[in-house]
Amino acid sequence: MDLRGLVDLLSHHLYSSPKVYVRELLQNAVDAVTARRAVDPGFADAAPEVRIVADGRRLRITDPGVGLTVAEVHQLLATIGGSSKRDEEIEGARRDFLGQFGIGLLACFTVASVITVTSRSAKHPDAGAVRWTACDDGSYTVVEVPPEEHPEPGTTVELVARPGEDWLKPEKAAELAREYGSLLPVAVTVEGGDAPVGITDTPPVWERRHPTPTARRVALNGYCEEVLGFPPLDVIDLDVPLSGIKGVAFVLPHATSPSARPAHRVHLKRMLLTDTADNLVPEWAFFVRCVVDTDSLRPTASRESLYDDEALAVARDAIGAQIREWISRLAAEDPSRLEAFLAVHELGVKALARHDAELFAAMLPWLRFETTAGHASLPEFARAHQPVYLASTVDEYRQVAQIAAAQGIGVVNGGYTYDAELVQALPRLDPQIKVEALQPGVISASLDPLDTRTELGIQSFLNAARARLDAVDVDVVVREFNPVSVPALLLDDREARRERQRAEAEAQADDLWGGILASIKRHAPRAQLVLNHRNPTVRRVSAIGDSDLAGTAVESLYGQALLMSRRPLRSADTALLNRSFMNLLEHLTGAD
């Protein structure tokens, strides 16, 4: 084989960083110890230790594991993909081992120019020791060594650093060993610095015995701050026996976007696999960060992520179910903690409630929606307002909220993420609740008409106002409503807006596209500017005798109502606002 090409493949395409060399060395050492326990009954109760010695130029790792014979060295170390961990008859159950692909040792060529493996087999104590030395030019040698050079079963791997590399420094080796192997069931120490450094800290904090639940929570909070960098809002225990998963989900203490890429920390048989897993939990559970250990999920060849297969899908669903159970338990047993959680992560709960009827029913009294009665729960709001009207967008809601509240009309803002779906699902929980889409007619029908004498008295003003706003396709009516402080209300619906957009596009299009747009013209109802006759300003404007000045005043009222509705301005609207502003200035300054 071309070992140079293989090294390039490993360092630039398979592994994300050369630092994985420590993981591969630890992985082989721990697997060797596991294998020896299977074949050597006297070793079962031993307390083995894996030792790493580094000085910057060289790194040596020694394990008291099963070791290799000469034949096994030729078979395994000289063959890409050859792994003793695939031989179930010799090594026992495959699930007990960390490695599977038979390429781990070669990953060390990303940092080393020479790899030397000296080993003595525990299965064949009389076989003597063997040394395999490989260079990054593709050559290797295998020689037998005197027993005194390696008297005990086990393996020593020595790396010689590439020129200019600093991966083999003691502090770097200790840092990487702690990152990958802190939970390993075998003791690991790193030497070469000021003093030996212990690496392992087992069992995992979530599996340890604690004197009280409070002490356990304090320990888990400290672990989260140390490893993930934040104090959790809450902790959810995870246990999925089918996937061999145990661990915890930490609830983020701050709001996060549902589209934010999660970073879950996954250990495989106590070895860190990745701290950036993004496929471990359902997408809706974006408010948690997990730390778990699994003994059965399948890693990719680089061992830096989980293979997204059916087993992972089952595990993901099970984790999602346990997060749902936690939310339901809070709703039933600890309302104050639930409120603290919802204050930060209400959006995530709403996302989940769309697809989970039981959770929706349990959480509905706690979820808050923007309504004309303030931020309220849907059941409370529905008891006071029937029917419940749903504004499909934030702009539609803002157009009518103040007026609807004054008239006692119950409107819910459905313009926020997931809110419309949840409001529409309300009748499924309580058939007596009626939810209807908000239409302009609902509001206009609640406004008081003028008496006949007053309406006849302002007819000329109305005609001038309608003529002035005809250019922007808006009708003008006068009504009486509360609050008195609102001079004008702009009522619009989606059909009217779509027709105006179509007409504007038609005016700017070429002949072909204009003809297409003209063919789909609809006779949609026009938007209405409703002037409030109870407002003193409107009464004074309607009494202006100068039709031009009255028209300019109506244009200004339309502009104010348009801005209050927060609708996007069309070019015609912008021109009208500019014209009315300039006309008012001319009138005030007495310009001819």
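Residues 81-102 are a stretch to treat with care: their pLDDT (the predictor's confidence in each residue, from 0 to 100) stays under 50, and the model has 56 contacts for them beyond four places in sequence. Contact here means heavy atoms within 4.5 Å. Where pLDDT is low, the predicted coordinates shouldn't be read in detail. Across the protein chain, pLDDT averages 84, with 87% of the residues at 70 or above.

This is a predicted model, so local features need pLDDT of at least 70 and side-chain atom pairs count only at 80 or more, while totals for chains, interfaces and linings use all residues. Numbering runs from 1 along each chain as its sequence is written, and side-chain values use heavy atoms, leaving out hydrogens and water.

Now for the helix pair, H7 and H8. Helices are DSSP runs (H or I) of at least four residues and strands (E) of at least two, numbered from the N terminus.

| Helix | Residues | Residues at the contact |
|---|---|---|
| H7 | 310-333 | Arg 324, Trp 326, Ile 327, Leu 330, Ala 331, Glu 333 |
| H8 | 335-353 | Pro 335, Arg 337, Leu 338, Phe 341, Val 349, Leu 352 |

The axes of H7 and H8, lines fitted to C-alpha atoms over the stretch in contact, come within 10 Å and cross at roughly 140 degrees.

Then there's Gly 198, in strand E8 (residues 197-198). Gly 198 touches Arg 178, Val 188 and Thr 189, leaving aside neighbours within four places in sequence. Its C-alpha atom is 6.2 Å from that of Val 188, ten residues away along the chain.

How values were computed: Axes fitted to C-alpha atoms, helices over the stretch in contact; angles between N-to-C directions.
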